[in-house]
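Please look through the sequence and the model below before reading on. The paragraphs that follow begin with a single side-chain contact and work outward to the rest of the chain.

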Amino acid sequence: MTTRQVACWIAVCDLCGGTTDPEGFTAHFDTPADAIGHATAWNDRISGWTITPDGRLVCDTVTDRAHETVHEAAGKRIPEPGPDAMHVTFTTA
């Protein structure tokens, strides 16, 4: 069996350095755009990271006020810690 080193891209939170999605996995991609697109996606499984107006990428953690502030400014509501603490919802206009 042979091996080789390959380059890939992962999303990294600019606040805490986190790289995992809500399921605890670090997804690897061929381009930076693909990594960011996956991290900021919104669907039933992925709660969606936030890109700030100044270009920072912020994960969906709820462990501190800095993360919460970024998500709230983007119109997301972070629930109180509990069984669904990693679930982020968007407010409706």
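**A polar pair and its surroundings**

A polar contact of 2.7 Å links the side chain of T50 to the side chain of H71. The model in which this pair appears is a predicted one, and the distances given here should be taken in that light. T50 belongs to strand β1, and with a relative accessible area of 4% it is counted as buried because the limit for that class is under 20%. Leaving out residues up to four places away in sequence, T50 touches R56, L57, V58, V70, H71, A74 and K76.

The partner, H71, leads to helix α2, which spans residues 65-73 and in which H67, V70 and H71 are buried. These three residues lie on the same side of α2, because the arc they cover around the axis is only 95°. The spacing fits a general rule: an α-helix has 3.6 residues a turn, so residues three or four places apart point the same way. At the start of α2, a side-chain oxygen of D64 comes to within 2.9 Å of the backbone nitrogen of A66, while just after the helix G75 adopts a positive phi of about 90°.

**The loop between β1 and β2**

Following the chain onward from T50, one reaches the loop between β1 (50-51) and β2 (57-58), where T52 has its place. T52 is buried, at 9% relative accessibility, and, apart from residues up to four places away in sequence, it touches V58 and V70. D54 is found in the loop between β1 and β2 as well, but D54 counts as exposed, since its relative accessibility of 56% is over the 50% that the class requires. The side chains of T52 and D54 are joined by a polar contact of 2.2 Å, and a polar contact of 3.4 Å joins the side chain of D54 to that of R56. D54 therefore has side-chain polar contacts with T52 and with R56, although D54 itself is exposed.

**The nonpolar core**

Which residues make up the largest nonpolar core? It consists of 8 residues, namely A11, C13, A39, W49, L57, V58, C59 and V70. Such a grouping is in keeping with a general tendency: in soluble globular proteins, nonpolar side chains tend to be buried together. Of the core residues, V70 is also one of the buried residues of α2, and both L57 and V58 are among the residues that T50 touches. C59, another core member, is in contact with C13, C16, W49, H67 and H71 once its neighbours within four places in sequence are left aside.

A11 brings the segment before α1 into this picture. Its relative accessible area is 10%, and A11 is accordingly buried. Leaving aside neighbours within four places in sequence, A11 is in contact with G18, T19, A35, A39, W49 and L57. The C-alpha atoms of A11 and A39 are separated by 6.5 Å, although the two residues are 28 residues apart along the chain.

**Two glycines**

G48 lies in the loop between α1 (32-39) and β1, and it is buried, with a relative accessible area of 1%. G48 and D21 are 27 residues apart in sequence, with their C-alpha atoms 8.8 Å apart in space. G37, by contrast, has its place in helix α1 and is partly exposed, with a relative accessible area of 38%. Between the C-alpha atoms of G37 and G48, which are 11 residues apart along the chain, the separation is 9.3 Å.

**The chain as a whole, and how far to trust it**

Seen as a whole, the chain has 2 helices and 4 strands, arranged along the sequence in the pattern α-β-β-α-β-β. Of its 93 residues, 27% count as buried, and the chain exposes about 6300 Å², of which carbon and sulfur atoms supply 55%. Among contacts with a separation of 6 or more, residues 24 or more positions apart account for 34%.

The mean pLDDT of the chain is 79, with 75% of its residues reaching 70 or more. Confidence is highest in β2, at 92, and lowest in strand β4 (residues 89-90), at a mean of 53. Where pLDDT is low, the predicted coordinates should not be read in detail.

Note on methods
Residues numbered from 1 in each chain as written. Predicted model: local features only at pLDDT ≥ 70, side-chain atom pairs only at ≥ 80, totals over all residues. Heavy atoms only, no water. Buried < 20%, exposed > 50% of the residue type's maximum accessible area, 1.4 Å probe, protein only. Contact = heavy atoms within 4.5 Å. Areas by Shrake-Rupley, 256 points an atom, 1.4 Å probe, with all protein chains shown as cover. Core = buried A, V, L, I, M, F, W, Y, C linked by side-chain atoms within 4.5 Å. Polar contact = N/O pair within 3.5 Å; in protein donor to acceptor, adjacent residues only side chain to side chain. Arc of directions from axis to C-beta. pLDDT = per-residue confidence, 0-100.
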